[in-house]
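Biologist: Could you take me on a close look at one part of this predicted model, the largest pocket? I'd like to know what lines the largest pocket and which elements give residues to its lining.

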Amino acid sequence: MPNAVGLAEITAMPHPMELPAMGATVVGEVIWHADHNRQVKIRLNEWHVPG
């Protein structure tokens, strides 16, 4: 959903990465969702480390 606004709960991130800056636009892939409460879990593309 382009231009969606939401709250991201960061539970883990790769060692060299930093949190996105305030007001930054992020892009990711939905890896889980719950229809009953309209929540999604998203993997941020810049944090995805193949392998």
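Modeller: Let's start with the elements, since we'll need their names. The chain in this predicted model has two strands and zero helices. The strands are β1, covering 28-34, and β2, covering 39-44.

Now for the pocket itself. The largest pocket holds about 1500 Å³ of space. How many residues line the largest pocket, and which are closest to its centre? There are 33 lining residues, and L7, A8, V26, I42 and L44 are the ones closest to the centre. As for the elements, β1 and β2 each give two or more residues to the lining. The largest share is six residues, and β2 is where they come from. If you're wondering how anyone finds a space like this, rolling a probe the size of a water molecule over the atoms shows where empty space is left.

The two strands also meet through their side chains. R43 and E29 form a salt bridge, with 3.6 Å from N to O. R43 sits in β2 and E29 sits in β1, so this pair ties together parts of the chain that are 14 residues apart in sequence. The count of salt bridges comes to one.

Are those two residues buried, exposed or something in between? R43 has a relative accessible area of 33%, so R43 counts as partly exposed. E29 comes out at 43%, so E29 is partly exposed too.

Let's step back to the chain as a whole. It has 51 residues, and 6% of them count as buried. Its accessible surface comes to about 5200 Å², with 56% of that belonging to carbon and sulfur atoms. Then there are the contacts: take those between residues at least 6 apart in sequence, and 30% of them join residues at least 24 apart.

One last stop, out on the surface. I10, M13 and L19 make up a nonpolar patch there, and together they have about 270 Å² of accessible area. You'll find I10 in the segment before β1. I10 has 39% relative accessibility, and because buried means under 20% and exposed means over 50%, I10 counts as partly exposed.

So, back to your request: the largest pocket is lined by 33 residues, and β2 gives the largest share of that lining.

Technical notes: Residues are numbered from 1 along each chain as its sequence is written. This is a predicted model: local features need pLDDT of at least 70, side-chain atom pairs count only at pLDDT 80 or more; totals for chains, interfaces and linings use all residues. Side-chain values use heavy atoms; hydrogens and water are left out. Helices (H or I, at least four residues) and strands (E, at least two) are DSSP runs, numbered from the N terminus. Buried means under 20% relative accessible area, exposed over 50%, partly exposed in between (1.4 Å probe, protein chains only). Contact means heavy atoms within 4.5 Å. Accessible areas come from the Shrake-Rupley method with a 1.4 Å probe; for residues, only the protein chains shown count as cover. Patches are made of residues with over 30% relative accessible area and no salt bridge: like charges are joined within 9 Å, nonpolar side chains (Val, Leu, Ile, Met, Phe, Trp, Tyr) within 5 Å. A salt bridge is a side-chain nitrogen of Lys or Arg within 4 Å of a carboxyl oxygen of Asp or Glu. On a 1 Å grid over the protein atoms alone, a cavity is a set of points where a 1.4 Å probe fits but cannot get out, and a pocket is an open set with protein on both sides within 12 Å along at least five of seven lines; lining residues have an atom within 4 Å of a point. Grid points are joined across faces, edges and corners, and a volume is the space filled by probe spheres set on the points.
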